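Please open the model in a viewer and keep the selection panel at hand. The tour below proceeds from the whole chain to individual side-chain pairs and then to an enclosed space.

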Amino acid sequence: MMQPSCLSSEAEEEISRHPCYSEEAHRFYARMHIPVAPACNIQCNYCNRKFDCVNESRPGVVSEVLTPEQAERKVRGVAAGLMQLSVVGVAGPGDPLANPEQTFDTFARVRKHVPDVSLCLSTNGLTLYRHVDEIMELGIRHVTITINAIDPEVGQAIYPWVFDEGVRYEGREAAELLIRRQLLGLEMLAKLGILVKVNSIMIPGVNDHHLTAVSARVKELGATLHNVTPLIIAPGSQYEADGRKAPRPKELLNLQEQLGRGGMKVMRHCRQCRADAIGLLGQDRNPDFPLEAMEAEPVINEAARAMLQRELDTKIRERILAKQARRIQAGGPKTRVAVATRGGDKVNQHFGHATEFLVYDTDGTDVQLLGVRKIQAYCHGKADCNGDKAATLQEIITILSDCRILLCSGIGEAPRASLNAIGVLPLVRKGGIQEAILESVKYSSYFEKLNISKG
């Protein structure tokens with residue numbers, strides 16, 4: 001089902017190069033998260049700060065925390081080498097506004113030295129209202145707020161405490177304060193024309209029934225986009241001790257569909273990125289840009305960056321126009337296709353190495369992304385592929401059970417047979433995802449007809 005867009009043409013233009021806000025942009029444009037904010041001012045029951053902080057899904061995972069000076073050096077080096085870099089954001093590893101001095105110093109340095117990138121801030125929103133003026137002054141045009149509840153009764157099951165101005169608040173009082181501040185910050189930013197994305201973590205048995213109300217409220221206050229992601233539980237967290245589980249893919253899909261019918265633009269391509277991620281979504285190139293390899297004064301070819309990005313803009317417009325044309329012809333029965341990819345809008349990953357699948361619906365003419373399904377890799381690249389392979393494969397089979405076709409760059413005989421047994425056709429393909437999906441649907445339809453005629 002196509003969801004209605006509630007964005008103005010000006011807003012659509014502004015997000016056209018933002019890979020998190022625009023499904024088309026994420027195929028071509030890269031983002032960079034700078035880990036300069038280690039502190040956090042709230043506790044979430046899915047987080048264990050001694051292990052990592054998952055306040056923003058998975059952005060708490062970092063290899064190193066940078067100073068603003070180091071961050072400036074790294075951003076300049078990445079911008080010089082990664083021409084499609086369009087967004088630089090601070091998302092952790094704690095909360096950026098629990099470290100406001102480092103966060104805003106970093107943004108000021110990036111704005112001065114790499115002025116052609118968009119600036120993006122992610123926060124839990126506790127102190128957001130205090131920093132609206134700084135956000136405006138620095139030209140930060142995109143802000144993400146994690147809002148998991150608007151009812152303190154629900155919120156207190158997610159947040160055991162928050163800490164502000166030397167005072168620790170607990171239970172319902174903590175949730176009530178956090179929610180009030182989050183909604184105030186959202187409203188203030190939206191009134192100033194800043195684009196706000198709301199992230200919500202779907203927690204079965206806690207807020208899954210409540211997120212439709214969250215979506216309606218944040219839409220009313222001016223949020224541009226709602227991104228609902230599945231629960232990821234940090235080892236040693238309270239939710240791990242409680243035995244909580246992530247939602248099943250179908251539960252997440254049904255909720256996203258419901259939110260879309262309510263008029264909110266719903267993000268479906270989120271990869272729950274690390275706080276130091278670099279590159280296209282689903283493709284982390286941070287190891288390719290070690291800080292020690294960054295030159296002190298890298299040369300950024302602004303003309304070359306501008307030329308490449310104009311070419312990418314043209315490709316995006318062409319894709320959007322082609323999609324619109326195909327939708328006019330759409331309307332046939334849908335086939336659900338899972339794709340193993342390392343990013344780059346390509347079928348380019350072996351089934352055994354995949355840690356996620358992109359899932360699409362197609363009628364043979366139009367191709368629509370439904371979402372991202374995380375899995376544990378079936379094979380870890382070692383000769384014996386350590387771990388309980390049978391259990392891992394069974395979990396993957398369950399996650400893909402509603403799909404008709406699986407596209408990957410390679411697959412072993414055991415998983416191929418298991419997928420065939422539940423009616424999923426594994427096909428080895430390489431190249432563009434959309435083209436491979438349309439080709440595979442024609443291929444599977446041909447053999448279905450052939451088998452029927454033989455029968």
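Begin with the whole chain: of its 455 residues, 55% are buried, where buried means under 20% relative accessible area, exposed over 50%, and partly exposed in between (1.4 Å probe, protein chains only). This is a predicted model, in which local features need pLDDT of at least 70 and side-chain atom pairs count only at pLDDT 80 or more, while totals for chains, interfaces and linings use all residues. Residues are numbered from 1 along each chain as its sequence is written, and side-chain values use heavy atoms, with hydrogens and water left out.

Switch to a cartoon display. The chain has 13 helices and 17 strands; these are DSSP runs numbered from the N terminus, with helices being H or I of at least four residues and strands E of at least two. Among contacts with a separation of 6 or more, 72% are between residues 24 or more positions apart, a contact being heavy atoms within 4.5 Å.

**Salt bridges**

Next, display the charged side chains. The structure contains 25 salt bridges, each defined by a side-chain nitrogen of Lys or Arg within 4 Å of a carboxyl oxygen of Asp or Glu.

Select R27 and D345, whose closest N and O atoms are 2.7 Å apart in a salt bridge. R27 sits in the loop between α1 (9-14) and β1 (30-33), and D345 in the loop between β11 (335-339) and β12 (346-347), so this pair ties together parts 318 residues apart in sequence. Are these two residues buried or exposed? Both R27 and D345 are buried.

Move to R130 and E165, which form a salt bridge with an N to O distance of 3.6 Å. Here the loop between β4 (118-123) and α4 (132-137) carries R130, and the loop between β6 (161-164) and β7 (167-170) carries E165, so parts 35 residues apart in sequence are tied together. R130 is partly exposed at 31% relative accessible area, whereas E165 is exposed at 66%.

Then select K374 and E356, a salt bridge with its closest N and O atoms 2.9 Å apart. K374 belongs to strand β14 and E356 to strand β13 (residues 356-362), and the pair links distant parts of the chain, 18 residues apart. K374 is partly exposed, with a relative accessible area of 35%, and E356 is buried, at 7%.

To finish with charges, select E69, E72, R76, D105, R109 and E297 together: salt bridges that share partners join these residues into one network.

**Cysteines**

Colour the cysteines. How many disulfides are there? The count is 0 disulfides, taking a disulfide as a pair of cysteine sulfur atoms within 2.5 Å. Two cysteines to inspect are C403, buried at 4% relative accessible area, and C408, buried at 0%.

**The second largest cavity**

Finally, turn to enclosed space. There are 7 cavities of 30 Å³ or more; on a 1 Å grid over the protein atoms alone, a cavity is a set of points where a 1.4 Å probe fits but cannot get out, and lining residues have an atom within 4 Å of a point. The second largest cavity holds about 100 Å³, a volume being the space filled by probe spheres set on the grid points, which are joined across faces, edges and corners.

Select V228, P230, R268, C270 and V372, which lie nearest the centre of this cavity among its 14 lining residues. Then highlight β9 (225-230), α9 (249-261) and β14 (367-374), each of which supplies at least two lining residues. The largest share, 4 residues, comes from β9. By class, the lining has 6 nonpolar, 6 polar and 2 charged residues; Ala, Val, Leu, Ile, Met, Phe, Trp, Tyr, Cys and Pro count as nonpolar, Asp, Glu, Lys and Arg as charged, and the others, Gly among them, as polar.

Methods. 1 Å grid on protein atoms, 1.4 Å probe; cavity = no way out; pocket = protein on both sides within 12 Å on 5 of 7 lines; lining within 4 Å.
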